[in-house]
Amino acid sequence: MEELLERIIKEMNLELSQDEKERILREFYYKTLPSVDRLGLVKTRDDTYTLVSKEFGEPYHSITAGALTEVMEKFVKPSGIEELAKTKKVLRIVDIGFGLGYNVSVALWSAKRVNPKIRVEILSFDKKLPEDIPILPEPYKEVHETIIKNIPYYEEEGISFKLFLGDARKEIQKGVGFNADVVLHDAFSPMRNPELWTYHFFERLRACMKVGSIWVSYTSSLPVRKALKLLGFGISSTRPVGRKKGGTKAILGGNEFLDEREKEKLNTSPYAVPFEDPDLSASRQEILIRYLVRVFAKQREVNHDKDLKDSPSRVG
């Protein structure tokens, strides 16, 4: 990691002391520590089950909120899927991070519940799927079992589901021009899976959407929100579920609805710089180290400006 840091510092034409380099590396290691100390099947607060990823060191769903509760409160309800389904003939959904298939299954069930005649088209993306996926309880059980059984494609009257396995940064090209109504962005957390939260990935994802498309996620991460804002999304917060911070709802071409504290953080915090991956091929370590170096450089700039402002003016 030290060699990677040195290369990035050189590319950015910065000079950092050994102490500063060590601080960056400490923050990197801290941010990538596993969030839970167990693996396999886990029962969550609402008595539904999730799995813990060995690769990312975190669960597929919130253990403290409950797996099904998170799906409903952080994705299905904020996205307005049921309201959209009431008036549309076709509802198009992009799903980033299929995971256990919970978001897709509950979204499909919810749309069909309010409008049985609607056609739902879903493009889903994931690198690979875990084994022994737990099945959702009723009333979602049948839909979930059907989706899992028919991976990667499922077609019947009124339903089209396609799962693209592999690096989503490359596979997302297959969704260009899809004109999604809703995007459910449920990759692993930005600090552990930054490659699916970069400005450049969002730029590619935007090509799968249209003006007015709704993007929702559980995260309120500053680099994520900053990237979305720079790409023309209007950002708002969703209500907290299972933790102090809420998630994010972003509408392409929409207005921003953040409180003053959130606006200030997004506009002034050194951490409010997007993750970058111009070639959509960088490792997660490179993306995160580059981000932390940019954060440090911005902090240094802010501190310098503050010192100048606070220093007494010279007279004579």
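How many bridges join β10 to strand β11, and in which sense do the two strands run? In this predicted model, five bridges link β10 to β11, the latter comprising residues 248–252, and the two strands run antiparallel. Within this pairing, F233 has L252 of β11 as its bridge partner.

The β10–β11 pair belongs to an open sheet of eight strands, arranged in the order β6-β7-β5-β4-β8-β9-β11-β10 and mixed in its pairing. The edges of the sheet are occupied by β6 (153–156) and β10 (233–237), each of which has a single partner strand, so that one side of each is left without a neighbour in the sheet. On average, and with direction ignored, neighbouring strands of this sheet are turned by 15° against each other. Helix α5, spanning residues 102–114, packs on the sheet and touches β4 (90–96), β5 (119–126), β7 (159–165) and β8 (180–185), its direction making about 170° with that of β5. Helix α9, formed by residues 222–230, lies across β9 (209–217), β10 and β11, and runs at about 145° to β10.

Helix α8 also contributes to the packing around these elements, its buried residues being H200, F201, F202 and L205. These buried residues pack against the strands β4, β8 and β9 as well as against the helices α7 (168–171) and α9. The loop between β8 and α8 (199–206) contains D186, a residue that is buried because its relative accessible area of 12% falls under the 20% cut-off. When residues up to four places away in sequence are not counted, D186 touches F75, I96, G97, N103 and Y218. The C-alpha atoms of D186 and F164 lie 15 Å apart in space, with a separation of 22 residues in sequence.

A second open sheet consists of three strands in the order β1-β2-β3, with antiparallel pairing. Here β1 (40–43) and β3 (58–59) stand at the edges, and because each has a single partner strand, one side of each remains without a neighbour in the sheet. Strand β2, comprising residues 49–53, pairs with β3 in the antiparallel sense over two bridges, and the bridge partner of V52 in β3 is P59.

The second largest pocket encloses about 170 Å³ of space. Its lining is formed by L108, W109, K112, P139, E142, V143, T146, I147, Y154, E156 and I159. The elements that supply two or more residues to this lining are α5, α6 (141–149) and β6, and the largest share, four residues, comes from α6. Helix α5, which packs on the eight-stranded sheet, and β6, which stands at an edge of that sheet, are thus both among the elements contributing two or more residues to the pocket lining. By residue class, the lining of the second largest pocket divides into seven nonpolar, one polar and three charged residues.

The loop between β5 and α6 contains P137. This residue is partly exposed, with a relative accessible area of 34%, a value that lies between the limits of 20% and 50% used for the buried and exposed classes. P137 and L68 are separated by 69 residues in sequence, while their C-alpha atoms are 9.2 Å apart in space.

Note on methods: Residues numbered from 1 in each chain as written. Predicted model: local features only at pLDDT ≥ 70, side-chain atom pairs only at ≥ 80, totals over all residues. Heavy atoms only, no water. Pairing = 2+ DSSP bridges. Axes fitted to C-alpha atoms, helices over the stretch in contact; angles between N-to-C directions. Contact = heavy atoms within 4.5 Å. 1 Å grid on protein atoms, 1.4 Å probe; cavity = no way out; pocket = protein on both sides within 12 Å on 5 of 7 lines; lining within 4 Å. Points joined across faces, edges and corners; volume = space filled by probe spheres on them. Nonpolar A, V, L, I, M, F, W, Y, C, P; charged D, E, K, R; others polar. Buried < 20%, exposed > 50% of the residue type's maximum accessible area, 1.4 Å probe, protein only.
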